[in-house]
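Biologist: I'm new to this one. Could you walk me through it, one question at a time?

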Amino acid sequence: MIRLAGPSAATGCDIYGKAEFMNPGGSIKDRTALGILDAAERAGQLQPGGTIVEGTAGNTGIGLTMLARARHYRTLIVMPETQSREKIEALRVLGAELELVKAVPYSDPGNYARVAQKRAQEIPGAIFANQFDNLANRDIHAATTGVEIWDEMDGRIDAFVSAAGTGGTIAGVGQTLKQRDARVRVILADPHGSGLYDWIKTGTPHAEGSSITEGIGQGRVTENLAAAQIDDAVRIDDQTAMDWCWRLLRDEGLNVGTSTGVNVAGAIEIARRLGPGHRIVTVLCDGGQRYASKMFDAAFLKSKGIKPPDWLPG
Ligand code: PMP
């Protein structure tokens with residue numbers, strides 16, 4: 001758990017980030033991969049040499065493939081082609097079989113998660129990891145991430161703020177924290193292009209716009225989200241999220257990925273609403289190196305309407 005000096009100073013609160021970029025596969029999704037794989041093995045669904053198929057923005061695929069090497073399974077990873085080339089390279093190096101598909105909504109049969117489900121049915125001895133609707137994802141966060149956060153904060157937490165992709169993190173951590181102290185506020189931070197902000201505010205998901213952030217945002221209420229206890233939502237634009245990524249890097253030596261920018265900006269927004277003296281926790285989901293070709297490329301950023309930091313060449 002890292003106390004974030006800049007965000008804390010800016011708000012008069014204590015804002016902490018759980019350093020999930022330090023996991024062996026480099027992201028919070030290592031936990032999801034482990035939870036899903038253990039559950040499938042316990043249920044006898046996976047035989048030696050079997051194939052794990054998953055639709056992923058990349059990080060779950062990295063976690064699954066790393067574990068699959070150690071446990072002697074194969075992986076077929078289906079990913080939208082818009083994801084960073086660093087994640088694609090990491091999957092290639094680990095030996096995943098990769099299928100890149102167009103980035104289309106879940107309602108389209110060409111959507112990466114739906115293609116993955118179809119491939120799992122076609123391949124003998126394969127399982128569909130199904131991180132979006134498999135509750136083993138939420139459960140591993142309830143049993144590990146949530147418990148660790150509670151312990152590391154000595155049980156003194158006013159709010160937990162997190163973006164959602166599958167919703168496993170916010171559902172699982174929220175469940176544990178609220179079980180231990182019902183006063184803990186659980187807040188969703190949502191990028192543009194995601195339907196979840198409207199879902200929390202109105203009960204119906206509605207997506208508009210787009211974001212350069214990866215791994216977060218969702219157009220539908222996944223099974224992991226359906227049972228989540230979420231008190232409120234904030235919407236974070238890309239410029240605000242990226243400015244915090246760059247500030248954490250320049251001022252605190254923390255190189256975090258794009259979704260972490262949304263999380264930290266969301267935590268700051270909630271700190272301002274609660275007022276000074278509160279203790280707020282968020283997640284540092286993965287590292288910025290995984291998005292270097294986007295986060296540190298001035299031409300790319302400008303093409304997306306984002307103002308690069310003045311220290312970035314070009
Ligand atoms: N950040 C990153 C970088 C991710 O890869 C993901 C997972 N897709 C998330 C955040 C969101 O986590 P969750 O799926 O638990 O909602």
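**Sheets, helices and the ligand**

Modeller: Let's start with a strand pair: strand S2 (residues 14-19) runs parallel to strand S10 (residues 279-284), and 6 bridges hold the pairing. Keep in mind that this is a predicted model.

Biologist: Which residue in S10 does Asp-14 stand opposite?

Modeller: S2 and S10 pair in the parallel sense. Across from Asp-14, the residue in S10 is Arg-279.

Biologist: What is the strand order in the open sheet of 6 strands?

Modeller: The pairing in that sheet is mixed. Its edge strands, each pairing on one side only, are strand S1 (2-3) and strand S9 (232-236). Helix H7 (residues 168-180) packs on the sheet and touches strand S7 (159-162), strand S8 (185-191) and S10. Reading across, the order is S1-S2-S10-S7-S8-S9.

Biologist: And helix H11 (residues 258-274), what angle does its direction make with that of S10?

Modeller: H11 also packs on this sheet, where it touches S2, S7, S8, S9 and S10. Its direction and that of S10 make an angle of about 170 degrees.

Biologist: Which strands are the edges of the open sheet of 4 strands?

Modeller: That sheet has parallel pairing and goes S5-S4-S3-S6. An edge strand here pairs on one side only, and that fits S5 and strand S6 (126-128).

Biologist: How many bridges join strand S4 (residues 74-80) to strand S5 (residues 97-101)?

Modeller: Those two run parallel. Ile-77 sits opposite Leu-98 in S5, and Val-78 has Glu-99 as its bridge partner. The count of bridges joining S4 to S5 is 5.

Biologist: Which helix makes a β-α-β unit with S4 and S5?

Modeller: The unit is right-handed. Don't mix it up with helix H3 (residues 59-71), which lies across strand S3 (51-55) and S4. The helix of the unit covers residues 85-94, and that's H4.

Biologist: Now the ligand: how many polar residues does the shell around it have?

Modeller: There are 17 residues around the ligand, and among those that come nearest are Gly-165, Thr-169 and Ser-259. By class, the shell has 5 nonpolar and 2 charged residues, and the polar ones number 10.

Biologist: Last one: what pLDDT does the protein chain average?

Modeller: For the complex, the predictor gives a pTM of 0.98 and an ipTM of 0.99. In the protein chain, 100% of the residues score at least 70, and the average pLDDT is 97.

Notes
Residues numbered from 1 in each chain as written. Predicted model: local features only at pLDDT ≥ 70, side-chain atom pairs only at ≥ 80, totals over all residues. pLDDT = per-residue confidence, 0-100. Pairing = 2+ DSSP bridges. Right-handed = clockwise from strand over helix to strand, strands pointing away. Contact = placed C-beta atoms within 7 Å. Axes fitted to C-alpha atoms, helices over the stretch in contact; angles between N-to-C directions. Near = placed C-beta within 6 Å. Nonpolar A, V, L, I, M, F, W, Y, C, P; charged D, E, K, R; others polar.
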